[in-house]
Amino acid sequence: MKVLFVCLGNICRSPMAEMILKEMVRQENIEGNFIISSCAISNEEEGNDIYPFAKKILLEHGIPVEKRKARQITQSDIEYYDYIIVMEQYQKNKILKDFFVIDELKVRKLNEKDVIDPWYSRNFDKAYQEIYDGCKNLLIAIKKSYEL
Ligand code: 4NP
């Protein structure tokens, strides 16, 4: 299963989701079945590592954090990944507008409600909780459809 998380800048929410889901599949010893990554809708943070406050909240919850470089989504990502999981409706709309997406069902929101950007809200605790809950539900859904 190939899962790509998408947010605006790829330095807060989508890397948090990437690290959280990677830890969840490691905990269940099913990481060999997964390729998990993240990227941005914009190119504003291109090349930048995860934002320090996002890193801090992950470490506080015992989630390992890999060094990384923000990057913008491409057409090959759309074709390569099985699940393209966005944080806000805006990102879903933009992907469906800007790219050729054969299977629109693979572009989904993490939660019904948008995950508010902690870059602006400064509420990293709330973002962590929403992303954690979303990843938990996502993993249940993926496991169900692949009978893992
Ligand atoms: P993210 O947060 O989309 O959760 O990575 C943001 C980070 C940076 C910016 C916007 C959102 N920015 O405009 O630089």
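The following paragraphs go through a predicted model, from its ligand site to its nonpolar cores.

The ligand is a convenient starting point. The residues around the ligand are Cys7, Leu8, Gly9, Asn10, Ile11, Cys12 and Arg13, together with Glu44, Glu45, Asp117, Trp119 and Tyr120. By class, this shell holds six nonpolar, two polar and four charged residues.

Several of these residues place polar atoms by oxygen atoms of the ligand. For glutamate 45, a polar side-chain atom lies 2.6 Å from a ligand oxygen. Tyrosine 120 also has a polar side-chain atom at 3.4 Å from an oxygen atom of the ligand. Asparagine 10 takes part through its backbone: an N or O atom of that backbone lies 3.2 Å from a ligand oxygen. Of the 350 Å² that the ligand exposes when taken alone, the protein buries 94%.

Asparagine 10 deserves a further look. Where in the fold is asparagine 10 found? Asparagine 10 sits in the loop between β1 and α1. Its relative accessible area is 0%, so asparagine 10 counts as buried, the limit being under 20%. While its backbone faces a ligand oxygen at 3.2 Å, its side chain has polar contacts within the protein. One of these, at 2.9 Å, joins the side chain of asparagine 10 to that of serine 14. Another, at 3.0 Å, joins the side chains of asparagine 10 and serine 38. Setting aside neighbours within four places in sequence, asparagine 10 is in contact with Pro15, with Ser38, Cys39 and Ala40, and with Arg68, Lys69, Ala70 and Arg71.

The nonpolar interior comes next. The largest nonpolar core has 36 residues, and the members that touch the most others are Val3, Phe5, Leu21, Phe34 and Ile131. Elements giving two or more residues to this core are the strands β1 (2–7) and β3 (83–86) and the helices α1 (13–27), α2 (52–60) and α6 (124–146). Which element supplies the largest share of the core? That element is α6, with eight residues.

Phenylalanine 34 serves as an example of the packing. Not counting residues up to four places away in sequence, phenylalanine 34 touches Met1, Val3 and Val25, as well as Leu139, Ile142 and Leu148. A second core, separate from the largest one, consists of 12 residues, among them Ile73, Val86, Ile95 and Val107.

Notes
Residues are numbered from 1 along each chain as its sequence is written. This is a predicted model: local features need pLDDT of at least 70, side-chain atom pairs count only at pLDDT 80 or more; totals for chains, interfaces and linings use all residues. Side-chain values use heavy atoms; hydrogens and water are left out. A residue is near a molecule or strand if one of its heavy atoms lies within 4 Å of it. A polar contact is a pair of N or O atoms within 3.5 Å; within protein, one must be able to donate a hydrogen and the other to accept it, and residues adjacent in sequence count only if both atoms are side-chain atoms. Accessible areas come from the Shrake-Rupley method with a 1.4 Å probe; for residues, only the protein chains shown count as cover. Ala, Val, Leu, Ile, Met, Phe, Trp, Tyr, Cys and Pro count as nonpolar, Asp, Glu, Lys and Arg as charged, and the others, Gly among them, as polar. A nonpolar core is a set of buried Ala, Val, Leu, Ile, Met, Phe, Trp, Tyr and Cys residues joined through side-chain atoms within 4.5 Å. Buried means under 20% relative accessible area, exposed over 50%, partly exposed in between (1.4 Å probe, protein chains only). Helices (H or I, at least four residues) and strands (E, at least two) are DSSP runs, numbered from the N terminus. Contact means heavy atoms within 4.5 Å.
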